[in-house]
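Student: I've got a new model to look through. Can you walk me around it?

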Amino acid sequence: MKHDNHTLDAIIVGAGFSGLYQLYCLREKLNHKVKVLEAGGDVGGTWYWNRYPGARCDSESHTYCYYFDKHLLEEWSWSERYPGQAEILRYLNFCAQKLDLKKDIRFNERVTEAEWDANSQLWHVKTQTGQTFIARFLITAVGCLSSANMPDIDGLSDFKGEIYHTGQWPHDTVDFEKKTIVVIGTGSTGIQAIPEIAKYAKKLYVLQRTPNYSVPARNRPLSRDFHSAFIEDIDSWRSKMLESRHGHPWIAPDRQVRKTSAEERYRIMEAAWEHGGLSFRESFDDVLLDEESNNIMSEFIRQKIMSTVHNVKTAKKLLPKDHPFGTKRPPIDTNYFETYNLEHVHLIDVRQNPIASCSSAGIILTDDTKIEADMIVFATGFDAMTGALQKMNIKGRDGLKLAEAWLAGPQTYLGLAVPKFPNMFTITGPGSPSVLTNMPRAIEQHVDWITDLLRHMVQRGYSKVEAREAAANEWTEHVTDVANKTLLPKANHSWYLGANVPGKPRVFMPYVFGLNHYRNHCDFIAVSGYQGFLITE
Ligand code: N01
């Protein structure tokens with residue numbers, strides 16, 4: 001594409017898994033002039049920010065990595081079944097160095113504004129440092145869970161102790177020793193952090209609003225033999241992941257909970273529980289489709305909680321009852337429920353007795369109970385899927401703000417593009433399978449697809465592409481329809497629905513039909529000449 005020396009072919013926002021791979025593809029395959037703008041001080045995305053104790057991925061290590069380059073797979077060997085935060089950061093640095101990516105990344109450049117200029121047909125992107133970058137394409141690679149959700153608690157600024165949000169964890173060591181600590185939130189993050197913080201705290205209060213299902217991770221070290229066997233078999237691992245709904249290397253067998261005898265299903269669930277990890281949910285294929293089947297599996301987990309936690313009152317408080325298993329992102333844990341057997345760990349139900357305010361000394365509950373603390377840790381999640389995109393103040397055609405366009409919920413075509421926002425792509429955007437999958441598989445698919453579309457445009461001399469409104473409307477309706485065929489929208493407080501953020505429209509955002517079906521559909525759209533897009537000179 002032709003432009004002056006200052007104009008880039010593309011600006012990519014974010015240097016996590018998606019931004020790094022998109023940079024590599026555009027630079028190496030299309031010879032594009034590209035800059036990545038990254039708010040953080042280094043590569044890593046979610047793994048740069050989420051440094052809280054216990055932070056670890058729930059996809060298995062040898063699947064939670066790039067598969068596009070055999071050398072990267074061969075040269076990096078993972079040390080544990082699930083990769084810890086620090087190891088993932090080392091891995092992404094290794095990839096960035098091998099592929100020489102950092103030279104095209106501007107760190108500490110938080111995007112504050114991006115505007116489409118109809119005259120020049122270019123994006124003008126401004127950052128917090130006052131710089132402006134100009135490019136033909138704007139590609140967001142900001143992750144789905146990167147805008148922290150901080151509850152608005154009356155008097156929080158009066159608190160004299162330390163305050164942390166798990167998603168914005170400091171780089172310096174946080175010292176828990178001899179301290180009384182409050183953790184708010186029992187999602188995947190809280191469930192990982194609580195056992196680690198409990199190891200050091202003098203006293204730990206867990207403020208739980210919604211009890212959660214959690215399955216043991218059964219993390220363990222991996223041997224060199226594991227790595228060699230994996231390398232021998234990479235193609236088979238890859239094809240299993242690509243054939244599956246979630247991008248993990250397992251496929252739910254054609255087996256339904258309800259149609260399996262009580263004895264047999266107990267045996268299956270017990271074996272899956274012992275094996276540990278997210279595949280527990282895939283022991284049957286009707287868990288998210290059939291309420292009665294789901295209830296049987298949910299009850300199995302409730303019994304595990306009752307038999308793990310010694311104090312019956314505490315155990316009962318931990319039983320998830322207000323949503324079916326798997327309808328909120330299922331956490332996997334290491335000694336989460338066991339932690340409540342420690343004498344210095346106290347569970348407080350803030351659904352029954354909500355947080356009223358904060359004082360200089362700690363948290364005050366509605367019944368006037370005062371919890372004095374040295375530190376409050378917010379494990380309260382994210383303004384998921386749309387938060388980080390909207391924070392960038394993106395303006396499309398005729399000055400339309402993305403926040404206005406999405407007032408009633410995100411409207412996208414394939415989760416990849418938004419009508420009235422020409423030449424903009426949203427990697428793992430709302431309306432794509434993203435958070436319901438093993439993310440690197442979803443990311444590679446999106447990046448490959450965007451790269452192919454840009455190649456298609458270069459080859460034909462086109463310079464502008466925009467999703468058609470009718471196609472986006474139809475896709476967004478389809479996303480809602482397929483979600484409604486499952487139990488997933490039944491979780492009242494789920495971030496999948498935006499229900500965790502006050503005032504956010506209640507719309508089921510990820511695409512539940514499966515990464516395998518989604519990929520086929522995207523491929524079909526490409527071979528049909530990019531149906532649903534208006535591509536022009
Ligand atoms: O966030 P969450 P998260 N007062 O939204 C509670 C991924 N992830 O950071 O359920 C009191 O799930 C809230 O209560 P409720 C993964 O996709 C992956 O834990 O809304 N409590 C909930 O308990 C995950 O799903 C990994 O009633 C308040 C908690 O805070 C996603 O990130 C590890 C509150 C928030 O849970 C987000 O997980 C970690 C308030 N005002 C995360 N506001 C792995 O790969 C919120 N809460 C393993």
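Tutor: We'll go through domains, empty spaces and a few residues.

Tutor: This is a predicted model, where local features need pLDDT of at least 70, side-chain atom pairs count only at pLDDT 80 or more, and totals for chains, interfaces and linings use all residues. Residues are numbered from 1 along each chain as its sequence is written, and side-chain values use heavy atoms, with hydrogens and water left out.

Student: How is the protein divided into domains?

Tutor: Domain 1 covers 8-147 + 384-536, and domain 2 covers 156-224 + 241-378. The bounds come from an automatic or database domain assignment. How many residues make the contact? Domain 1 gives 42 residues and domain 2 gives 50 residues. Contact means heavy atoms within 4.5 Å.

Student: And what separates the centres of domain 1 and domain 2?

Tutor: 28 Å, taken over C-alpha atoms.

Student: Switching to pockets. What volume does the second largest pocket have?

Tutor: About 460 Å³. The residues closest to its centre are Arg245, His246, Leu288, Leu289 and Val512, out of 25 that line the pocket. On a 1 Å grid over the protein atoms alone, a pocket is an open set of points with protein on both sides within 12 Å along at least five of seven lines; a cavity is a set where a 1.4 Å probe fits but cannot get out; lining residues have an atom within 4 Å of a point. Points are joined across faces, edges and corners, and a volume is the space filled by probe spheres set on them.

Student: Where does the second largest pocket lie?

Tutor: Between domain 1 and domain 2, because both give residues to its lining. That lining has 14 nonpolar, six polar and five charged residues. Ala, Val, Leu, Ile, Met, Phe, Trp, Tyr, Cys and Pro count as nonpolar, Asp, Glu, Lys and Arg as charged, and the others, Gly among them, as polar.

Student: How many cavities of 30 Å³ or more are there?

Tutor: Four. The largest cavity has a volume of about 70 Å³. Its lining includes Pro410, Thr476 and Phe508. The split there is six nonpolar, four polar and no charged.

Student: Now Arg302. Buried or exposed?

Tutor: Arg302 is buried, at 11% relative accessible area. Buried means under 20%, exposed over 50%, partly exposed in between (1.4 Å probe, protein chains only). Arg302 sits in helix α9, residues 291-308. Helices (H or I, at least four residues) and strands (E, at least two) are DSSP runs, numbered from the N terminus.

Student: What does the side chain of Arg302 reach?

Tutor: The backbone oxygen of Pro320, at 2.8 Å. Arg302 also touches Tyr213 and Leu319, among others.

Student: What about Arg27, which side chain does it join?

Tutor: A polar contact of 2.7 Å links the side chains of Arg27 and Asp104. A polar contact is a pair of N or O atoms within 3.5 Å; within protein, one must be able to donate a hydrogen and the other to accept it, and residues adjacent in sequence count only if both atoms are side-chain atoms. Arg27 is in helix α1, residues 17-30, and is buried at 13%. Among the residues Arg27 touches is Asp100.

Student: What is the phi of Asp100?

Tutor: Positive, about 55 degrees, although Asp100 is not a glycine. Most residues other than glycine have a negative phi. Asp100 is in the loop between α4 (85-98) and β3 (105-106). At 40% relative accessible area, Asp100 is partly exposed.

Definitions and conventions
Lists of a residue's contacts leave out its neighbours within four places in sequence.
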